[in-house]
Amino acid sequence: MLLTGGCQSSGRSEGSSRASSGLSPVRHVICLYDRRPWLSADAEGDRDPEGLRYRVFLDMGNNRGVLRDGTFHVEMYAIGRGNQGGKRRELVSDWHYPTSTFSSVRAKILGDGYILSLRWASKSIAGRDVEIVTSFEDLEGRKTRASTKRLRVPKYDKYLGQAD
């Protein structure tokens with residue numbers, strides 16, 4: 001499978017005052033995006049994407065992904081220009097799902113991980129630049145955040161079928 005990019009956590013983890021379960025915290029959240037990560041789930045049948053799919057691996061510090069109980073928090077921001085010409089970052093979708101919601105995947109090099117398939121509600125996302133922020137929260141409330149991933153969502157010309 002061809003990969004065009006990924007994101008890896010900065011290694012920062014936010015602690016919690018809850019009692020420890022003895023499990024080591026997740027040290028890195030690694031996200032891998034295919035060349036075309038888009039989901040088309042539109043009843044109208046147009047080619048503009050309505051969501052995205054990518055793989056997430058939780059690394060405990062040994063460079064092998066593991067499956068853990070917890071919650072994925074994903075935020076998607078649309079990037080544009082404001083009235084004064086400056087950069088504008090607007091939250092357009094956010095998802096909060098337990099890891100049990102997603103299918104697991106095994107990769108030879110990275111180990112076990114998850115396939116996140118997320119659908120956004122707004123049709124206005126097509127043709128825009130977006131930033132995806134993925135974080136994992138374990139059952140003790142410790143959060144580990146992946147690096148931000150910027151993507152350009154394609155918008156297809158309805159007459160020619162070509163992406164803008």
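Through how many residues does a hairpin join β9 to β10? I looked this up first in the predicted model, and found that the hairpin runs through three residues.

**Entry: strands β9 and β10**

I then examined how these two strands pair. Strand β9 covers residues 103-107 and runs antiparallel to β10, with five bridges joining the two. For one position I noted the partner explicitly: V105 is bridged to G113 in β10.

**Entry: the chain as a whole**

I next listed the elements of the chain. I counted 13 strands and zero helices. Read from the N terminus, the order is accordingly β-β-β-β-β-β-β-β-β-β-β-β-β.

I also looked up burial and surface. The chain has 164 residues, and 40% of them count as buried. Its accessible surface comes to about 9,600 Å², and carbon and sulfur atoms hold 46% of that area.

For contacts, I considered pairs with a separation of 6 or more. Of these, 66% link residues that lie 24 or more positions apart in the chain.

**Entry: the largest nonpolar core**

Which residues have the most contacts inside the largest nonpolar core? I recorded V29, Y54, V56, L58, F72, L116 and I132, within a core of 24 residues. The elements that give two or more residues to this core are β3 (28-34), β5 (51-59), β7, β10 (111-119) and β11 (129-138). Of the elements, β5 gives the most, with four residues.

I followed F72 further, setting aside residues up to four places away in sequence. F72 touches V56, L58 and L116, which I had already noted among the core residues with the most contacts. The other residues that F72 touches include W95, H96, Y97, T99, F102 and Y114, as well as T134, S135 and F136.

**Entry: H73**

I turned to H73, which I located in strand β7, residues 70-81. Is H73 buried or exposed? I entered H73 as buried, because its relative accessibility is 15% and the cut-off for buried is under 20%.

I then looked for polar partners of its side chain. The side chain of H73 makes a polar contact with the side chain of H96, at 2.7 Å.

Leaving aside neighbours within four places in sequence, I listed what H73 is in contact with: W95, H96, V133, T134, S135, E137 and K143. Several names on this list recur from the entry on F72, for F72 also touches W95, H96, T134 and S135.

Terms used: Residues numbered from 1 in each chain as written. Predicted model: local features only at pLDDT ≥ 70, side-chain atom pairs only at ≥ 80, totals over all residues. Heavy atoms only, no water. Buried < 20%, exposed > 50% of the residue type's maximum accessible area, 1.4 Å probe, protein only. Contact = heavy atoms within 4.5 Å. Areas by Shrake-Rupley, 256 points an atom, 1.4 Å probe, with all protein chains shown as cover. Polar contact = N/O pair within 3.5 Å; in protein donor to acceptor, adjacent residues only side chain to side chain. Core = buried A, V, L, I, M, F, W, Y, C linked by side-chain atoms within 4.5 Å. Pairing = 2+ DSSP bridges.
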